[in-house]
Amino acid sequence: MDRPTLIIGNRNYSSWSLRAWLALEAADVDFDEVVVPLGTPDTEREILKWSPSRRVPAYHDGEIVLWDSLAICEHLAETQPGAALWPSDPVA
């Protein structure tokens with residue numbers, strides 16, 4: 001089975017990338033990480049290899065490709081319910 005892959009920019013400069021990375025760490029998911037250097041002439045081409053939106057973060061989990069940090073967090077909350085990423089009370 002292939003491990004999920006998270007494609008991010010530098011976590012120090014891309015808070016969206018950091019958010020997805022933190023969610024994966026909190027959910028204790030075993031994943032591969034690809035860091036694409038931001039602000040270089042090759043950045044867009046490198047990101048496009050992984051993300052149809054041309055944005056990071058992007059997350060590959062089998063056939064699923066997500067490219068929004070909140071969508072990644074929601075996917076993790078649904079697939080890793082033991083991690084308790086969302087409150088158990090829907091009102092909360």
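## Helix α3 and its surroundings

In this predicted model, helix α3 spans residues 69–79, and its buried residues are Ser69, Ile72, Cys73, His75, Leu76 and Ala77. An α-helix has 3.6 residues a turn, so residues three or four places apart point the same way. The cover over the buried residues of α3 includes two elements from earlier in the chain, β1 (5–8) and α1 (15–26), together with β3 (58–61) and β4 (64–66).

At the start of α3, Asp68 places a side-chain oxygen within 3.0 Å of the backbone nitrogen of Leu70.

## Nonpolar cores

The largest nonpolar core comprises 14 residues. Those with the most contacts inside this core are Leu6, Leu24, Val29, Phe31, Tyr59, Ile72 and Leu76. At least two residues of the core come from each of β1, α1 and α3, and α1 makes the greatest contribution, with four residues.

Within α3, Leu76 is one of the buried residues. Leaving aside residues up to four places away in sequence, Leu76 touches Ala23, Leu24, Val29, Tyr59 and Leu85.

A second core, separate from the largest one, is made up of five residues, among them Ile7, Ile47, Val56 and Ala58.

## Thr5 in strand β1

Thr5 lies in strand β1, one of the elements covering the buried residues of α3. Thr5 counts as buried because its relative accessibility is 13%, under the 20% cut-off.

When residues up to four places away in sequence are not counted, the contacts of Thr5 are Asp32, Val34, Trp50, Ala58, Tyr59 and His60. Of these, Tyr59 is also in contact with Leu76, and Ala58 belongs to the second core.

Notes: Residues are numbered from 1 along each chain as its sequence is written. This is a predicted model: local features need pLDDT of at least 70, side-chain atom pairs count only at pLDDT 80 or more; totals for chains, interfaces and linings use all residues. Side-chain values use heavy atoms; hydrogens and water are left out. Buried means under 20% relative accessible area, exposed over 50%, partly exposed in between (1.4 Å probe, protein chains only). Contact means heavy atoms within 4.5 Å. A polar contact is a pair of N or O atoms within 3.5 Å; within protein, one must be able to donate a hydrogen and the other to accept it, and residues adjacent in sequence count only if both atoms are side-chain atoms. A nonpolar core is a set of buried Ala, Val, Leu, Ile, Met, Phe, Trp, Tyr and Cys residues joined through side-chain atoms within 4.5 Å.
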